[in-house]
Number of protein chains: 2
Amino acid sequence: MREFYTITELTREFGISTRTLRFYEDEGLISPVRRGRTRLFRPADRHLVKQILRGKRLGFSIAEIREIVQMYRDPPGEVGQLKQIIAKIEEKRDELRQKRRDIEDTIAELNASEEGCVERLAELGVKG
Amino acid sequence: MREFYTITELTREFGISTRTLRFYEDEGLISPVRRGRTRLFRPADRHLVKQILRGKRLGFSIAEIREIVQMYRDPPGEVGQLKQIIAKIEEKRDELRQKRRDIEDTIAELNASEEGCVERLAELGVKG
DNA sequence: AGCCATAGTTACGTAAAAGTCAATTTTCGA
DNA sequence: TCGAAAATTGACTTTTACGTAACTATGGCT
């Protein structure tokens, strides 16, 4: 596993722009190290980017993604904070389960629509 | 089942504004009938709104949702169009499956984080 | 007739999430 | 060491999905 990635390597790998990665840094989602001014992305940063983009695909806002990636961080040492994090994790998990139900429902309706189309094709004498 | 709903009835049911419903109409997502100028929402319109909001929760843009709700419409009579719709349905279904994988992955990582927190609590002598 | 609630249209405003452009550095291979 | 390629910062612009304001119309109640 490589030690560092340049910014353009990551933009190519993930199909995003440098502007996007700098924006994520401004937003406190990632903190690549620097050699001089130049950003160097460690494997952990790269993984974070993956997680961020996953969150984006699921329709989470930057603020929500910030919350989520904070949950991934090493657990703190204070009991109150730990309990708070656990509570937030439960919350996010519930949201994700809702999204999963939404997906199942949507797929089911798409299946029904597709069947309708296939039947229609059959009526028109098209072999499936 | 009721024949019509007023716009405010739907805003209350779904927790959205009248502006939003009018916006969705402008965008061609819904087409409530009219008595004079006043919109009357049929059960089918209400169901469409549900589908739209489901799409929103999944992070689809208005343009993408427009595509999806077009798939729900009655299949057309032309073979070419039917095949095109089927192809688009496959496409969306693939997207949805990707999102589902994203959800599974995110839940898995949240579970791991939670375990970490719980262990940490145990270390601190907190009873679970 | 007067009033309130609900509905409508038009038009301008805004926050989020980048895109784009310009003007410098910085890095790095020949 | 030099020059192209890659990176940086900063500022301005754009798109999406509505919010908000201002004003008009309509229908029921008293």
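E67(A) is partly exposed in this predicted model, with a relative accessible area of 29%. The residue sits in helix α4 of chain A, which spans residues 62-72. Its C-alpha atom is separated by 8.6 Å from that of K88(A). Along the chain, E67(A) and K88(A) are 21 residues apart. In chain B, R54(B) belongs to helix α3, residues 43-57. R54(B) counts as buried because its relative accessibility is 8%, and the cut-off for burial is 20%. The C-alpha atoms of R54(B) and R100(B) are separated by 14 Å. These two residues of chain B are 46 residues apart in sequence.

The two protein chains were superposed next. A turn of 180° lays chain B on chain A with an RMSD of 0.2 Å. The accompanying shift along the axis is 0.0 Å. This is the relation of a two-fold axis. Within chain B, G59(B) has the C-alpha nearest that axis, at 1.7 Å.

DNA strand C is considered first. There are 19 residues around this strand. Those that come nearest are S17(A), Y24(A) and I62(A) from chain A, and T8(B) and R39(B) from chain B. Sugar and phosphate hold 80% of the atoms of DNA strand C within 4 Å of the protein. The rest of those atoms belong to bases.

Several polar contacts reach the phosphates of DNA strand C. In the side chain of S17(A), an N or O atom is 2.5 Å from a phosphate oxygen. T20(A) places a polar side-chain atom 3.1 Å from a phosphate oxygen of the strand. From chain B, a polar side-chain atom of T6(B) lies 3.4 Å from a phosphate oxygen of DNA strand C.

Both chains build the surface near DNA strand C. At least two residues each come from α2 of chain A and from α1 (7-14), α2 and β2 (38-40) of chain B. The most is given by α2(A), with 4 residues. By class, this surface divides into 8 charged, 7 polar and 4 nonpolar residues.

DNA strand D is surrounded by 17 residues. T8(A) and R39(A) are among those that come nearest, together with S17(B), Y24(B) and I62(B). Of the atoms of DNA strand D that come within 4 Å of the protein, 69% are accounted for by sugar and phosphate.

Phosphate oxygens of DNA strand D are also met by polar protein atoms. Two arginines of chain A take part through side-chain N or O atoms. For R39(A) the distance to a phosphate oxygen is 2.6 Å. For R22(A) the distance is 3.0 Å. I62(B) uses its backbone instead: a polar backbone atom is 2.9 Å from a phosphate oxygen of DNA strand D.

The surface near DNA strand D likewise draws on both chains. In chain A, α1 (7-14), α2 (18-26) and β2 (38-40) each supply at least two residues. In chain B, α2 (18-26) does so. With 4 residues, α2(B) gives the most to this surface. The class count is 7 charged, 6 polar and 4 nonpolar residues.

Aromatic rings were examined over all chains, and the structure holds 2 aromatic pairs. F23(A) and Y24(A) form a tilted pair, with a centre-to-centre distance of 6.0 Å and 50° between the planes. The rings of F23(B) and Y24(B) have centres 6.0 Å apart and planes at 50°, so this pair is tilted as well. An angle between 30 and 60 degrees is what places a pair in that class.

The partners in each pair can be described by accessibility. F23(A) has a relative accessibility of 30% and therefore counts as partly exposed. Y24(A), at 5%, is buried. In chain B, F23(B) is partly exposed, with a relative accessible area of 29%. Y24(B) counts as buried because its relative accessibility is 5%.

A charged side chain also lies over an aromatic face in each chain. In chain A, K99(A) lies over the face of F60(A), 4.4 Å from the ring centre. In chain B, K99(B) lies over the face of F60(B), and the distance to the ring centre is 4.3 Å.

Note on methods
Residues numbered from 1 in each chain as written. Chains lettered and ligands numbered in written order. Predicted model: local features only at pLDDT ≥ 70, side-chain atom pairs only at ≥ 80, totals over all residues. Heavy atoms only, no water. Near = heavy atom within 4 Å. Polar contact = N/O pair within 3.5 Å; in protein donor to acceptor, adjacent residues only side chain to side chain. Nonpolar A, V, L, I, M, F, W, Y, C, P; charged D, E, K, R; others polar. Phe/Tyr/Trp six-rings, centres within 6.5 Å; stacked < 30°, edge-to-face > 60°. Buried < 20%, exposed > 50% of the residue type's maximum accessible area, 1.4 Å probe, protein only. Lys NZ or Arg CZ within 6 Å of the ring centre and 35° of its normal. Least-squares fit on C-alpha atoms with pLDDT ≥ 70 in both.
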